[in-house]
Amino acid sequence: MTDNGQTGGAQPPKKPALPKRFYKDVSVADEDGRFGIALDGKPVRTPGRAPLAVPGKNLADAIAEEWRAQDAHIDPATMPLTKLANTAIDGVAGKRDGVIDDILAHARADLLCYRADGPEGLVARQAKLWDPVLAWAKESLHAPLSLSEGVVHVAQPEASIAALRHEIAKLGDVGLAALHVMTSLTGSALLGLAVALKRLTPDEAWEAAHVDEDFQIGRWGEDAEAKARRIARKTDFDAAVRALDLSEA
């Protein structure tokens with residue numbers, strides 16, 4: 001017991017206080033082909049102090065709606081499109097090669113290439129959801145990838161990695177930021193790219209990314225904390241897909 005009679009031990013860290021909403025009006029302005037967000041006429045800036053301006057009015061309108069939807073306080077957790085746009089501007093523009101390299105690092109150890117040797121049900125489920133994506137990469141992207149059982153590393157053909165780089169580089173900054181998020185959340189550059197190129201729906205890719213996890217849940221049940229984390233990750237995944245779609249609309 002502590003001196004004040006309360007139980008000792010570390011207290012959970014307090015969440016930082018959210019900033020109060022300080023604006024009334026949110027508008028979108030065309031700035032030389034890019035669309036910026038303004039609060040009471042003053043342009044919004046990214047954490048890196050660059051103007052928050054994106055290609056495509058549809059994306060800008062959706063970001064503006066996130067700002068309009070804020071209540072008495074501004075909660076960044078409810079603004080995933082704003083977060084992704086900030087990432088595209090501060091973290092991708094001018095740094096594209098590094099972002100592409102990071103995505104390709106996932107491709108070199110892609111989830112879809114590492115197969116279970118049992119049980120039979122898991123092996124069959126992996127084959128059903130993963131083999132068509134690998135076949136698509138081979139036939140449509142000219143990027144065949146090698147498979148391995150378990151966690152034994154398998155090197156991927158450099159020609160295949162180069163073919164994937166060529167395809168990924170076609171994306172704009174927002175699309176590249178979105179692909180990076182999707183790749184990180186699924187552990188698979190191929191699944192992210194399949195969504196970006198409309199080969200898979202977002203839900204199909206998400207299901208394919210969780211074959212192993214869902215198999216274990218089917219056998220042993222689901223942990224509440226793990227379920228909450230998965231829901232939060234799916235929210236980020238869906239926001240990345242929406243940002244990509246809106247940037248291309």
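1. In this predicted model, Trp67 touches Arg21, Tyr23, Val26, Ile37, Leu39, Val44, Leu52, Ile74, Met79 and Thr82, when residues up to four places away in sequence are not counted. Trp67 also belongs to the largest nonpolar core, which has 74 residues. Together with Ile37 and Ile63, Trp67 is among the members that touch the most other members of that core. As general background, nonpolar side chains in soluble globular proteins tend to be buried together.

2. The aromatic residues deserve separate attention. A search of the whole structure finds three aromatic pairs. One of them joins Phe22 and Tyr23, whose ring centres are 5.3 Å apart and whose planes form an angle of 80°. This pair is classed as edge-to-face, because the angle is over 60 degrees. Phe22, Tyr23 and Trp67 form one aromatic cluster, and Tyr23 is also one of the residues that Trp67 touches.

3. Are Phe22 and Tyr23 buried or exposed? Phe22 counts as exposed, because its relative accessibility is 60% and the threshold for that class is over 50%. Tyr23 is buried, because its relative accessible area is 3% and the threshold for that class is under 20%.

4. A further aromatic pair is formed by Trp206 and Phe237, with 5.1 Å from centre to centre and 50° between the planes. This pair is described as tilted. Trp206 lies in helix 8 and Phe237 in helix 10 (residues 224–248), so the pair ties together parts that are 31 residues apart in sequence. Both Trp206 and Phe237 are buried.

5. Asp203 is also found in helix 8, which spans residues 202–209. Asp203 is exposed, with a relative accessible area of 53%, whereas Trp206 of that helix is buried. The C-alpha atoms of Asp203 and Phe237 are separated by 9.9 Å, and these two residues are 34 residues apart along the chain.

6. Arg230 has its place in helix 10. With a relative accessible area of 14%, Arg230 is buried. If neighbours within four places in sequence are left aside, Arg230 is in contact with Trp206, His210, Glu213, Asp214 and Ile217. Trp206, one of these contacts, is the helix 8 partner in the tilted pair with Phe237.

7. The charged residues may be considered next. In general, side chains of opposite charge can pair when their charged atoms come close. How many salt bridges does the structure contain? The count comes to 13 salt bridges. One of them joins Asp61 and Lys57, with the closest N and O atoms 3.0 Å apart. Asp61 and Lys57 both lie in helix 1 (residues 57–68), four residues apart, which is about one turn of the helix. Asp61 counts as partly exposed at 28% relative accessibility, and Lys57 counts as partly exposed at 42%.

8. Another salt bridge brings together the side chains of Arg165 and Asp101, at 2.7 Å from N to O. The pair links distant parts of the chain: Arg165 is in helix 5 (residues 158–168) and Asp101 is in helix 3 (residues 96–108), 64 residues apart. Arg165 is partly exposed, with a relative accessibility of 33%, and Asp101 is partly exposed, with a value of 39%.

9. Asp131 and Arg115 likewise meet through their side chains in a salt bridge, at 2.7 Å from N to O. Asp131 belongs to helix 4 (residues 120–140) and Arg115 to strand 5 (residues 114–115), so that distant parts of the chain, 16 residues apart, are linked. Asp131 counts as partly exposed at 34% relative accessibility, whereas Arg115 is buried, with a relative accessible area of 12%. Elsewhere, salt bridges that share partners join Asp203, Lys234 and Asp238 into one network.

10. Asn86 is located in helix 2 (residues 80–92). Is Asn86 buried or exposed? Asn86 is buried, because its relative accessible area is 14% and the limit for that class is under 20%. Apart from neighbours within four places in sequence, Asn86 is in contact with Thr46, Pro47, Leu52 and Gly91. Leu52 also appears among the residues that Trp67 touches.

Technical notes:
Residues are numbered from 1 along each chain as its sequence is written. This is a predicted model: local features need pLDDT of at least 70, side-chain atom pairs count only at pLDDT 80 or more; totals for chains, interfaces and linings use all residues. Side-chain values use heavy atoms; hydrogens and water are left out. Helices (H or I, at least four residues) and strands (E, at least two) are DSSP runs, numbered from the N terminus. Buried means under 20% relative accessible area, exposed over 50%, partly exposed in between (1.4 Å probe, protein chains only). Rings of Phe, Tyr and Trp (its six-membered ring) pair if their centres lie within 6.5 Å; planes under 30 degrees apart count as stacked, over 60 as edge-to-face and the rest as tilted. A salt bridge is a side-chain nitrogen of Lys or Arg within 4 Å of a carboxyl oxygen of Asp or Glu. Contact means heavy atoms within 4.5 Å. A nonpolar core is a set of buried Ala, Val, Leu, Ile, Met, Phe, Trp, Tyr and Cys residues joined through side-chain atoms within 4.5 Å.
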